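Biologist: I am new to this structure and would like a close look at a single part. Please start with the aromatic side chains, then work outward from there.

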Amino acid sequence: MKIQIILLFTFLNIFVANAQDSNEINSAYRAEREKINALVHTKLKVEFDYSKRHLLGEAWLTLKPYFYSTNKLTLDAKGMLIHKVSINGKDLKYEYDGKEIKIDLGNTFEKDDSYNIYIKYTARPEEVEQEGSAAINDAKGLYFIDPDGTDPDKPTQIWTQGETESSSCWFPTIDSPNQKTTQEIYITVKDKYVTLSNGLLIKQTKNKNKTRTDYWKLDQKHAPYLFFMGIGEYSIIKDKWKNIPVDYYVEKEYEPYAKEIFGLTPEMIQFYSDYTGVPYVWPKYAQIVGRDFVSGAMENTTAVLHNDMAYQVSGQLIDENTWEYTIAHELFHHWFGDLVTTESWSNLTVNESFANYSEYLWIEHKYGNDQADDHRHEDIDGYLAGGNELKDLVRFHYNSREDMFDAVSYNKGGAILHMLRAYIGDKAFRAGLKIYLDENAYGTGEAHQLRLALEKATGKDLNQFFNQWFFNNGHPKLDITYNYNEPNIVAVNIKQTQDEIFEFPLAIDVYEGAKSKRYDVWVDEKNKSFSFKVKSKPNLVNVGANKTLLAEITDQKTVENYIHQYKYAPKYEDRREAIIGLSENQNNDEALQTLTKALNDKYYGLRILSIEKFDISKTNSKEAIKTMEKLAINDPKTLVQAAAIKKLGLLEAKGYASIYSKALDSKSFAVKGSALNSLYAVDKTAALTFTNSITDKSTKNHMKDALIPIYIKDRTEEQMPFVAENLVTGMFLTEDKSTQNIYKEGFQWVVGSDNEEATQNLVNNFVEIGNKYKQYGADKLANQVLNQVLTAKQASNSANKDILVKIVEDGLSRIK
């Protein structure tokens, strides 16, 4: 599962306090669930009561005792009505508490005996109460989207979400990741709807009542949490990998863009098949987009569900496909997660760390090391920012299984796999993965099995690495100093400042002129010094030169060091660090000259960083300004063009108006957005003319980050409702202070108005965020803000004051 991690920046500090509470370590040991009975096969027949949000179901479960004989069966079944339980036509006695069915089998079954249970039931997802994942307050397994067809902006859909243990909200099962079962499912829907489930669509039968029954079947075993149903009005775009169907299910509006969004999938399947040495084993690969999905995406076997953030149009896709890495992530789960599944949530690393690292592998393969290292840097920043130091990667103590879906299991785990790959070598890493997948296919795995597979491949003892990185917490924090007191000797002093000492290999490059000499050392003490012979004082000593170690490094580098580093050190991280260091010394002519060169870095991400770090208002560098102008017009990457236009806009120079006006014709929304805001600063009339020409709802939504600040500054009354429904994002879900300030200004504008539609949109926006992210205290934020709005409306002299007050009061009552 891919979680979209949202950083919530708010003056109330509510989110931080709640996040810290959720990170407490629980003393209870979280063991793998005992396997008393084993699932063998699951057959389901389902139809839906949209008005009640119910599923009417029948289940036939084939099971057998795992080892010991038994006459009892316990099934997970949350929030259901149980109508009948039988075996071979004979009713069975059972007890049901709303969460589990405890069944007396009426006979004792031995290890090799299989038996078949029939259950007729009604699933009532709205009656389920359990903690959900990905910051979602509920986990009801089965979701009805606009079931009454009353929302003009949403289609009617049904989709399911099983991870962690929510499949048992819509069918009885043993809802544990260490169970594996084959499946078949008959789904009856209105004939206008498309269905998607695991495996292959075997048959479609039209019924007399204008419904249709679709029969889906998967003959390979997988875990219950990977079961899936998706239902709605979709266009199906056909693709393939070899002879395997690869399908994309999208709403009709996005049919023209489906292959732009998902079209690299067959190439990804080939790459991951080649990389692991295990060809894709499943009979199809389909991807569907669901409205209001509660997470980023989910790796349901052969039927991946994506959040509607996956939807993009050409004006966005020309900048970048922001969903490409998520597509890769969910696909790789079909090896790590679906084919071999974590035996318990404590060992989630063997699912999610691999899916996280698969993003790096794909980017490296498709776009090169710089872009892959950029992505890794962003991931590591996410781990470091999250207060995660006390959490082991393999975690047998946690409050809730949902707590495992964090920046340790994902980001840190991916970074650890990157270190492991570097430590044993790529060829050995791939060989070890193949052994792990082959030996555990259609079964379960844990970190120890991964270690044993890698040891089998390499002949190395990897206990020290796994004990330190998988079964422990934290990371090295290194303070680096240098001595060049003796002639022809440079000493590198490494101090570990964290409490527990780590042991690790470290690459040190010593530069004398353009050439460097690599020294591979081993650090295993709190204070460790290494001395190297040199001809003269080095221009640069680059500690951690291969950039694989997960660590925080404090290094006392000079401007001269950074200049040399940018010029000669080859890695993305080297150049990035140099750009940031030089940007803090722009009063130094040589630093400024090198920073100007960085505007033309070979990697577009570092061109953007250089632009962003450039203090254009203070520079006297005509070369830098000229370079920025060229980037704004001619850079092959539209995101670089957009960054350069935005930076030039800070000069408020009317001479650039023609550049901005021409950029408004770009296909890129990023370029248009930057050009519009820069043009507003020098030709307000022209900017407003263009702004008012945008009437298409889709374009307006896609360009809202550029349009809303202008609407707020210009107080465009007819756009106030549109501004109001987007205020939360700008006020709290961005790090940019200037953006926060303009959106806060917009908030005050709406609060002080008598616009009923805008007030309703503002209230709805806060209620939605408050309920959706209640786990992080967003409900408290929404309550506090809306109470402020209520006070303001009560104090107003508007003729419609009573209506405005009621809108806010109703909103407060809807915060759960």
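Modeller: Let us start with a cluster of rings. Ring pairs join Trp-241, Phe-271, Tyr-272, Tyr-275, Tyr-280, Tyr-285, Phe-332, Trp-335, Phe-336, Phe-354, Trp-362 and Tyr-436 into this cluster. Keep in mind that the model is predicted. One member, Tyr-285, belongs to the cluster, and strand 18 spans residues 285-290.

Just past that strand comes a backbone detail. Asp-292 sits in the loop between strand 18 (285-290) and strand 19 (297-298). Its phi is positive, about 60 degrees, although Asp-292 is not a glycine. Why does Asp-292 count as partly exposed? Its relative accessible area is 33%, and the partly exposed class runs between 20% and 50%.

Back to the rings. The structure holds 45 aromatic pairs in total. One of them is formed by Phe-747 and Phe-766. A pair of aromatic rings is described by the distance of the centres and the angle of the planes. For Phe-747 and Phe-766, the centres are 6.3 Å apart and the planes meet at 65 degrees. The pair is edge-to-face, because planes over 60 degrees apart fall in that class. Phe-747 lies in helix 25 (residues 737-751). Phe-766 lies in helix 26 (residues 756-772). The two are 19 residues apart, and the pair links distant parts of the chain. Both rings, Phe-747 and Phe-766, are buried.

Helix 26 also holds Asn-771. Asn-771 is buried because its relative accessible area is 16%, and buried means under 20%. Asn-771 and Leu-92 are 679 residues apart along the chain, and their C-alpha atoms are separated by 41 Å.

Aromatic side chains also appear at the surface. Tyr-66, Phe-67 and Tyr-68 make a nonpolar surface patch of about 390 Å². Tyr-66 is in the loop between strand 2 and strand 3 (70-76). With 42% relative accessibility, Tyr-66 counts as partly exposed.

Strand 2 leads to the charged residues. It covers residues 54-65, and Arg-53 is in the loop between strand 1 (37-49) and strand 2. Arg-53 forms a salt bridge with Asp-148, with the closest N and O atoms 2.9 Å apart. Asp-148 is in the loop between strand 9 (142-145) and strand 10 (157-160). The partners are 95 residues apart, so this pair links distant parts of the chain. Are these two partners buried or exposed, or in between? Arg-53 is partly exposed at 22% relative accessible area. Asp-148 is also partly exposed, at 43%.

Strand 10 leads on to another backbone detail. Thr-164 is in the loop between strand 10 and strand 11 (181-190). A cis peptide bond joins Glu-163 and Thr-164, with omega about 10 degrees.

Side chains of opposite charge can pair when their charged atoms come close. The structure holds 41 salt bridges. Among them is the bridge between Asp-370 and Arg-575, whose closest N and O atoms are 2.9 Å apart. Asp-370 lies in helix 7 (residues 369-384) and Arg-575 in helix 13 (residues 572-583), so the bridge ties together parts 205 residues apart in sequence. Both Asp-370 and Arg-575 are buried. Elsewhere, salt bridges that share partners join Asp-191, Lys-206, Arg-212 and Asp-214 into one network.

Glu-255 and Lys-252 also meet through their side chains, in a salt bridge of 3.1 Å from N to O. Glu-255 is partly exposed at 31% relative accessible area. Lys-252 is exposed, at 60%.

Now for charge at the surface. Glu-717, Glu-718, Asp-754 and Glu-756 form a negative surface patch. Glu-717 is placed in the loop between helix 22 (704-714) and helix 23 (720-724). At 40% relative accessibility, Glu-717 counts as partly exposed. Arg-715 is found in the loop between helix 22 and helix 23 too. Its phi is positive, about 55 degrees, although Arg-715 is not a glycine. Arg-715 is partly exposed, at 37% relative accessibility.

One last stop is Arg-451. Arg-451 lies in helix 10 (residues 447-458). It is buried, with a relative accessible area of 11%. Arg-451 and Asp-696 are 245 residues apart along the chain, and 55 Å separates their C-alpha atoms.

Methods
Residues numbered from 1 in each chain as written. Predicted model: local features only at pLDDT ≥ 70, side-chain atom pairs only at ≥ 80, totals over all residues. Heavy atoms only, no water. Patch = residues over 30% accessible without salt bridge, like charges linked within 9 Å, V, L, I, M, F, W, Y side chains within 5 Å. Areas by Shrake-Rupley, 256 points an atom, 1.4 Å probe, with all protein chains shown as cover. Salt bridge = Lys/Arg side-chain N within 4 Å of Asp/Glu carboxyl O. Lys, Arg positive; Asp, Glu negative; His and termini not counted. Charge placed at Lys NZ, Arg CZ, Asp CG, Glu CD. Helix = DSSP H or I, 4+ residues; strand = E, 2+ residues; numbered from the N terminus. Buried < 20%, exposed > 50% of the residue type's maximum accessible area, 1.4 Å probe, protein only. Phe/Tyr/Trp six-rings, centres within 6.5 Å; stacked < 30°, edge-to-face > 60°.
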